[in-house]
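This report describes a ligand site and the charged pairs of a protein model, and is best read with the structure open.

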Amino acid sequence: MYSLTSVREDFPILGREVYKRPLVYLDNAATTQKPREVVEAITNEYYSVNANVHRGVHYLSQQATDLHEEARETVRQFINARSTAEVIFTRGTTESLNLVATSYGQAFLHEGDEVILTVMEHHSDIVPWQLLRDRTGIVIKVVPMNDEGCLDLEAYERLFTPRTRLVCVAHVSNVLGTINPVKRMAEVAHAHGAHILVDGAQSVPHFKVDVQDLDCDFLVFSGHKVYGPTGIGVLYGRESLLEQMPPYQGGGEMIARVSFERTTYERLPFKFEAGTPDYVGSHALAVALDYVTRLGMDQIHAHERDLTRYAMEQMQLIPEMHIFGTATEKDAVVSFNVGNIHPLDLGTLLDRLGIAIRTGHHCAQPLMQRCGVEGMARASFALYNTREEIDALVKGIDRVRKMF
Ligand code: C6P
């Protein structure tokens, strides 16, 4: 196990106070804090390397291009993709999902074709498919879950028909923390001749995700949730599929040759990267991935599982506590309500105690409907959180409860 004390020193923001109290940051599913070396990588690149990539013959441009392409290789290794052709830089999970819905949609989905989602998808894995449905007449089907927050796999299998083309599933729910059995779901999808997209926004930061082991066709995630900067994310796609998919956006970088009569496109992955990429962000993301790799994804996972288990135990002792999501396979997220206290009030009062949690519908309104609530409070953990911070949360919740 890594040393929590020295790890916390890597994150300067964790040492600050809010409302004259030490910050307890438990909103990591929304975004994680950044280690010093990630911030320094951004500053250093702007101070000493900055130039546009893939265009200049000059020294700085080549150096910036090398950093950008080395970052792609770091991502490839991190998720064990077969080739860097399969690693596309995007602005984040949301853009990756919109890219797939638009481009895969154009290549593979026609009126009456079916896409399977789950009841616990984030809005960014629902709305792009609805936009596509409005354009093309695809059919969206939804995998239900049980009261523990586990997907009903028998119902999942029953949803398949000869028209099923694609399954889209969150690897880890951002609300329930459930780790979905995506490897098994991929086997089922492939047995029915369908593809599978895994939304790794909440899994990639927490444990080793290997696209070849999962045998998924697409994996999407955001840099800012895995200790990297905002504005950069990744789409992994199986090369044979990406080859058949049309470009998502047009512009510089993604072309081989342009004339007013006819344009041909660059090879993968550049075909999907129109315009100047966030080359500073890609490098800083690679620094973040190196950072977690150095700590060890298995150690991070073990530590966060311990925190999750401890939080579940301690929070359940609070009277009138209702926890949403009690699956055995659960990771780093605990969503809850206490009695009739509005989650917004709970979050606001905890904030006054220096404790940052998220409240509301967590961009998962269909899941809120399934759970019969308008909103929830949510604590979510990262590699730098401590049991003492969970004690502070529990004490804080109990204090708010007594006030009401
Ligand atoms: N969830 C949360 O607080 P972006 O915003 O593109 O980086 O990620 C979107 C997204 C997609 N899928 C899942 C499972 C997610 O959790 C998120 C982001 C944040 O839960 C912000 S709403």
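## Ligand site and salt bridges

Around the ligand there are 16 residues, of which T94, D199, Q202, S222 and R358 come nearest. The model is a predicted one, and every distance discussed below is computed from its atoms. By residue class, the shell around the ligand divides into eight polar, four charged and four nonpolar residues. As for its location, the ligand sits in the largest pocket.

Three side chains that make polar contacts with the ligand are set out here.

| Side chain | Ligand atom | Distance |
|---|---|---|
| H122, N or O atom | nitrogen | 3.4 Å |
| N174, polar atom | oxygen | 2.8 Å |
| Q202, polar atom | oxygen | 2.7 Å |

With these contacts in view, one can also ask how much of the accessible area of the ligand the protein covers. On its own the ligand has 510 Å² of accessible area, and the protein covers 88% of this. Q202, whose side chain provides one of the tabulated contacts, is also among the residues that come nearest to the ligand.

Turning to charged pairs, side chains of opposite charge can pair when their charged atoms come close. The structure holds 21 salt bridges, including one between R238 and D217, in which the closest N and O atoms are 2.6 Å apart. Another salt bridge joins R91 to E95, with 3.7 Å between the closest N and O atoms. The two partners of this pair fall into separate accessibility classes: R91 counts as exposed because its relative accessibility is 59%, over the 50% cut-off, whereas E95 counts as buried because its relative accessibility is 16%, under the 20% cut-off.

Definitions and conventions. Residues numbered from 1 in each chain as written. Predicted model: local features only at pLDDT ≥ 70, side-chain atom pairs only at ≥ 80, totals over all residues. Heavy atoms only, no water. Near = heavy atom within 4 Å. Polar contact = N/O pair within 3.5 Å; in protein donor to acceptor, adjacent residues only side chain to side chain. Areas by Shrake-Rupley, 256 points an atom, 1.4 Å probe, with all protein chains shown as cover. 1 Å grid on protein atoms, 1.4 Å probe; cavity = no way out; pocket = protein on both sides within 12 Å on 5 of 7 lines; lining within 4 Å. Sits in = over half its atoms within 2 Å of the grid points. Nonpolar A, V, L, I, M, F, W, Y, C, P; charged D, E, K, R; others polar. Salt bridge = Lys/Arg side-chain N within 4 Å of Asp/Glu carboxyl O. Buried < 20%, exposed > 50% of the residue type's maximum accessible area, 1.4 Å probe, protein only.
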